[in-house]
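Here are some exercises to work through with the viewer open. Try each task yourself before you read its solution.

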Amino acid sequence: MHDIRAIRDNPAAFDAALSRRGAEALSSSVLELDEARRGAIHAAETAQAEQNKASKEVGRAKASGDEAEFERLRALVAEKKAEVAEMQGRAKELDARLTELLMGVPNLPYDDTPEGADEADNVEIHRWGTPASFDFAPKEHYQLDGVRRGMDFETAAKLSGARFVVLQGAVARIHRALAQFMLDTHVTDNGLTETWTPVLVREEMMLGTGQLPKFGEDSYQTTNGWWLVPTAEVTLTNIVNGLTVEQESLPRRYVAHTQCFRSEAGSAGRDTAGMLRQHQFEKVEMVSITHPDSSRDELDRMTGCAQGILERLGLAYRTVVLCTGDMGFGARRTHDIEVWLPGQNAYREISSVSVCGDFQARRMNARFKPSEGGKPEYVHTLNGSGLAVGRCLIAVLENGQQADGSVVLPDALHPWMGGRTTLTADGELI
């Protein structure tokens, strides 16, 4: 959410930041509700004071025997009591309307976030590696002879419908090894705290990280009200929901490997072949909870953690800064890392690392106590993939493919594969 005081102090800046995201000006609507809410609160407080004053005078009028004054004051107390209840109810209603309005307003981009309408306006800031070259026409992952036996879309469709996959045998093992490789690297080399969290969460947790109320159609809800997490961002970030932590405990850096669930409501017809875009998938997710002064540097550190995974695997990639029109709802700045997929002859997203500032912290009421004393302040939150496991599997398979349909696995993965180095064209590991 947004700081209402900042909107009061500089409504033009608020509207200008929304305009950069292609959103309409909202300061007048916000401030109109805020003024009415504050007016109702003031009216309730005034009526309460008058009620209290009249209540004190009732006893004196009764004691003095002034029945007329006693009845007048008693009627005034009842009138003010009703007025207080009415104004408090009005204030509560207006507060709920203001909260609902602000809950639907996207985060404000940093000044260094490039302005633009869509992905065509994203800005490349880094590139690593040379895209693999082949003396044959490279195939997509699901077309490789060595992969076909272990990547079963027909059985998955029978079980669950479109956009699901069953992995078996060697392919399933490579997929698992990639997740273990990522986790071990982040814990041992990058200093993240390994965490295991539920994939079913309460609705307020989805509200806290911004998946609700605006994007409910993108996720799945159970019949008893739980939500299936779209990523572990939801659970890891909400660890500090409602807490006021010590500044000395920051930064808190978490990593988790979980199943993730997305309805892909807005992606009809996109990436229907293969396992690039699935309803159920796995990610190794990074989340950082930081002091406001260090969150921008933390974005670069987390981006480096994700990039390092690809570099160890020898996979060429590029990093882009998303423009204001392509950036997610809760982000102030986002770095997308795109891995080279020779089967598509294109770079495709494999990680998205975002700094949210205090946007999620305000929704969660997550604060820290400054070391030097003073009032608690909101923490800053960041999240990013480190990496999407299924997409990393695709990249490993496509970049390591050989003319005979086999796949040579990256050297860095060998220790997690029991020393096996190759997926044969027959679907075996040797």
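Keep in mind throughout that this is a predicted model.

**Exercise 1. Find what covers the buried residues of α4, and check the span of this helix.**

Step 1. Start with the cover: the elements over the buried residues of α4 include α1 (4–9), α3 (27–64) and α11.

Step 2. List the residues being covered. In α4 the buried ones are Phe 70, Leu 73, Val 77, Lys 80, Val 84, Met 87, Ala 91, Leu 94, Leu 98, Leu 102 and Met 103.

Step 3. Now take the ruler. Helix α4 runs over residues 67–103, which makes 37 residues. From first C-alpha to last it reaches 53 Å, close to the 54 Å expected at 1.5 Å a residue.

**Exercise 2. Repeat the analysis for α3: which residues are buried, and what covers them?**

Step 1. The span comes out well here too: the end C-alpha atoms of α3 are 55 Å apart, which agrees with the 56 Å that its 38 residues should span at 1.5 Å a residue.

Step 2. Ser 27, Val 30, Leu 33, Asp 34, Arg 37, Ala 40, Ala 44, Ala 47, Gln 51, Ala 54, Val 58 and Ala 61 are the buried residues of α3.

Step 3. Their cover includes α1, α2 (11–20) and α4.

Step 4. Look just past the helix end: Gly 65, just after α3, has a positive phi of about 85 degrees.

**Exercise 3. Describe the largest nonpolar core, and say which element gives the largest share of it.**

Step 1. Recall the background: in soluble globular proteins, nonpolar side chains tend to be buried together.

Step 2. Find the hubs. The largest nonpolar core has 49 residues, and Ile 174, Leu 178, Met 182 and Leu 423 touch the most other members.

Step 3. Map the core onto elements. Two or more residues come from each of α7 (169–188), β10 (280–290), α10 (295–312), β12 (333–341), β13 (346–357), β16 (380–388) and α12 (389–399). The largest share, nine residues, is that of α7.

Step 4. Zoom in on one hub. Beyond its neighbours within four places in sequence, Ile 174 is in contact with Leu 393, Leu 409, Leu 413, Met 417, Leu 423 and Leu 429.

Step 5. Look elsewhere in the model: apart from this core lies another of 17 residues, among them Phe 14, Leu 94, Leu 102 and Met 103.

**Exercise 4. Trace the surroundings of Val 321: is this residue buried or exposed?**

Step 1. Locate Val 321 in strand β11.

Step 2. Its relative accessibility is 2%, so Val 321 counts as buried.

Step 3. Collect the contacts of Val 321, leaving aside neighbours within four places in sequence: Pro 114, Asn 122, Val 123, Ile 125, Arg 333, Thr 334 and His 335.

Step 4. Compare sequence and space. Val 321 and Asp 121 are 200 residues apart in sequence, with 9.3 Å between their C-alpha atoms.

**Exercise 5. Classify the ring pair of Phe 329 and Phe 359.**

Step 1. A pair of aromatic rings is described by the distance of the centres and the angle of the planes.

Step 2. The structure holds six aromatic pairs. For Phe 329 and Phe 359, the centres are 5.7 Å apart and the planes meet at 75 degrees. Planes over 60 degrees apart count as edge-to-face, so this pair is edge-to-face.

Step 3. Place the partners. Phe 329 is in the loop between β11 (317–321) and β12, and Phe 359 is in helix α11, 30 residues apart. Both Phe 329 and Phe 359 are buried.

Step 4. Widen the view: ring pairs join Phe 215, Phe 329 and Phe 359 into a cluster.

Step 5. For a charge over a ring, turn to Arg 367, which lies over the face of Tyr 378 at 4.3 Å from the ring centre.

**Exercise 6. Locate two cis peptide bonds and two positive phi values outside glycine.**

Step 1. Start from the usual case: most residues other than glycine have a negative phi, and most peptide bonds are trans.

Step 2. The bond from Leu 212 to Pro 213 is cis, with omega near 5 degrees. Pro 213 sits in the loop between α8 (203–209) and β6 (220–221).

Step 3. The bond from Gly 386 to Leu 387 is also cis, with omega near 25 degrees. Leu 387 belongs to strand β16.

Step 4. Asn 345 has a phi near 55 degrees and lies in the loop between β12 and β13. With 58% relative accessibility, Asn 345 counts as exposed.

Step 5. Asn 365 also has a phi near 55 degrees, and its place is the loop between α11 (359–364) and β14 (367–369). Its relative accessible area is 39%, so Asn 365 is partly exposed.

Definitions and conventions. Residues numbered from 1 in each chain as written. Predicted model: local features only at pLDDT ≥ 70, side-chain atom pairs only at ≥ 80, totals over all residues. Heavy atoms only, no water. Core = buried A, V, L, I, M, F, W, Y, C linked by side-chain atoms within 4.5 Å. Buried < 20%, exposed > 50% of the residue type's maximum accessible area, 1.4 Å probe, protein only. Helix = DSSP H or I, 4+ residues; strand = E, 2+ residues; numbered from the N terminus. Contact = heavy atoms within 4.5 Å. Phe/Tyr/Trp six-rings, centres within 6.5 Å; stacked < 30°, edge-to-face > 60°. Lys NZ or Arg CZ within 6 Å of the ring centre and 35° of its normal. Expected span 1.5 Å × (residues − 1).
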